[in-house]
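Colleague: I should like to learn how to read the features of a structural model. Could we take them in turn?

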Amino acid sequence: MQVVEVKSPGGPEQLRLVDRPDPEPGPGEVLVRVAAAGVNRADLLQRQGKYPPPPGAPEWPGLEVSGVVAGHGPGTDAVRWPVGTRVAALLAGGGYASAVTVPAGLLLPVPDEVDLVDAAGLPEAVCTAWTNLVDAGGLRPGDVLLVQGGSGGVGSVAVQLGAALGAHVVATAGGAERADRCRELGARTVVDHRTQDVVEAVRAATGGHGADVVLDVLGAGGLASNLAALATGGRLVVIGTQRGARGEIDLGLLMARRASVIGTTLRPRPLAEKERVVADVLAHAWPMLTDGRLRPVVHARLPLGRAGDAHALLDSGAVFGKVLLVP
């Protein structure tokens, strides 16, 4: 099979296509022939040497794929996952490849309504958005949800999920075109962070209430404004540090608002916990693909051998949704 390895930590030019032996599925695992792999910001960090894969994961990047079941390891439920089944998979790593092995509990069936290649942009984004909005954020119908970065891979899914769950979704985006696309995904209010004050816009759109849940990828750079935007009893859920990992919290404001700051990651979690997340997504979010409330948002498809170009594109800030690599 072909895989994209990181020659040495550094820029996109360090990604190279090489041949490796096909993987063999172990107990409880499924072999998947990859149709496409999703590109995530975690992959860029791994390429830079800042986010190593967890123990036991392949050394090359890739946290999600779509494809077709091609084999089974010992003890795997082949009746549930017969050869030829269209699937998407959440991975701990190794998705930049033409084949992967994955624990069966991390598989999701791809419905007929979804293009198999485009489905590669769903597992990481949907699992991340679901567990952070519902489990960590406690999002309820009628809540105000602020999605920082509504045009991103996770953000574009979070906007759709929030709307489907009955929230008043406020999304930030840069520029009128991206703002319009966020509205098409279900955002009731969109704030152009290039020209508007996010806190003022959130307060104005909610009659002074603020955001019950903030889903944040900015980290330290957005900490002060996110806290200021919170409603009383609000929850700030931090899932990224694009603008820094260290910041100061106004504890007086946090206490006065009776608010919470929650930080989460998905990749390093134990397998059993990730299987629970996938099961929840399958039960509650995945049916939205069939009824049209949720869809993959794909900016570009590139050949697997152009992984470096895909990383540069994602890092440019021009992407709306996901970039996919196709073997």
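Modeller: The dialogue below treats a pocket, a surface patch, salt bridges and a few loop positions. Please keep in mind throughout that this is a predicted model.

Colleague: Let us begin with empty space. How much space lies in the second largest pocket?

Modeller: The general idea comes before the case. Rolling a probe the size of a water molecule over the atoms shows where empty space is left. In this model, the second largest pocket holds about 450 Å³ of space. Its lining is made up of 27 residues, and those closest to the centre are G56, A57, P58, G93 and T101.

Colleague: Which element supplies the largest share of that lining?

Modeller: Strand 6 does, with five residues. Strand 6 covers 99-103, and helix 8, covering 271-285, also supplies at least two residues of the lining.

Colleague: What is the make-up of the lining of the second largest pocket by class?

Modeller: There are 19 nonpolar residues, alongside four polar and four charged ones.

Colleague: I turn now to the surface. Which residues make the nonpolar patch?

Modeller: I249, L251, M255 and V261 make a nonpolar surface patch of about 380 Å². One of them, L251, belongs to helix 7, which spans residues 251-257.

Colleague: Is L251 buried or exposed?

Modeller: The reading rests on a cut-off: a residue is called exposed when its relative accessible area is over 50%. L251 has a relative accessible area of 52%, and therefore counts as exposed.

Colleague: The next feature is the salt bridge. How many does the structure hold?

Modeller: The structure holds 15 salt bridges. To read one, look for a side-chain nitrogen of Lys or Arg within 4 Å of a carboxyl oxygen of Asp or Glu. The side chains of E59 and R20 form such a pair, at 3.0 Å from N to O. This pair links distant parts of the chain, its members being 39 residues apart. E59 sits in the loop between helix 1 (41-47) and strand 4 (64-72), while R20 sits in the loop between strand 2 (15-19) and strand 3 (29-39).

Colleague: Which residues are linked with E59 and R20 in a network of salt bridges?

Modeller: E5 and R16 are; together with R20 and E59 they are linked in a network of salt bridges. As for cover, R20 is partly exposed, with a relative accessible area of 27%.

Colleague: May we compare this with other pairs?

Modeller: Certainly. E273 and R269 meet through their side chains in a salt bridge of 3.4 Å, N to O. E273 is partly exposed at 32% relative accessibility, whereas R269 is buried at 16%. R269 is called buried because its value falls under 20%. A further salt bridge joins R293 to D291, with the closest N and O atoms 2.9 Å apart. Here R293 is partly exposed at 39% relative accessibility, and D291 is partly exposed at 46%.

Colleague: How should I read a position that is distant in sequence from a partner in space?

Modeller: One sets the separation along the chain beside the distance between C-alpha atoms. G219 and Q242 are 23 residues apart in sequence, and their C-alpha atoms lie 6.3 Å apart in space. G219 is found in the loop between strand 11 (211-216) and helix 6 (223-229), and at 9% relative accessibility G219 is buried. G244 offers another case: G244 and L218 are 26 residues apart in sequence and 7.2 Å apart, C-alpha to C-alpha. G244 lies in the loop between strand 12 (230-238) and helix 7, and is partly exposed at 28% relative accessibility.

Colleague: What separates the C-alpha atoms of P109 and R86?

Modeller: The separation is 6.0 Å, for residues 23 apart along the chain. P109 belongs to strand 7, residues 107-109, and is partly exposed at 30% relative accessibility. For A229 and G162, which are 67 residues apart along the chain, the C-alpha atoms are separated by 18 Å. A229 lies in helix 6 and is buried, with a relative accessible area of 0%.

Colleague: Finally, what of the backbone: which sign does the phi of R258 have?

Modeller: R258 has a positive phi, about 50°, although R258 is not a glycine. Its place is in the loop between helix 7 and strand 13 (260-263). At 59% relative accessibility, R258 is exposed.

How values were computed
Residues are numbered from 1 along each chain as its sequence is written. This is a predicted model: local features need pLDDT of at least 70, side-chain atom pairs count only at pLDDT 80 or more; totals for chains, interfaces and linings use all residues. Side-chain values use heavy atoms; hydrogens and water are left out. On a 1 Å grid over the protein atoms alone, a cavity is a set of points where a 1.4 Å probe fits but cannot get out, and a pocket is an open set with protein on both sides within 12 Å along at least five of seven lines; lining residues have an atom within 4 Å of a point. Grid points are joined across faces, edges and corners, and a volume is the space filled by probe spheres set on the points. Helices (H or I, at least four residues) and strands (E, at least two) are DSSP runs, numbered from the N terminus. Ala, Val, Leu, Ile, Met, Phe, Trp, Tyr, Cys and Pro count as nonpolar, Asp, Glu, Lys and Arg as charged, and the others, Gly among them, as polar. Patches are made of residues with over 30% relative accessible area and no salt bridge: like charges are joined within 9 Å, nonpolar side chains (Val, Leu, Ile, Met, Phe, Trp, Tyr) within 5 Å. Accessible areas come from the Shrake-Rupley method with a 1.4 Å probe; for residues, only the protein chains shown count as cover. Buried means under 20% relative accessible area, exposed over 50%, partly exposed in between (1.4 Å probe, protein chains only).
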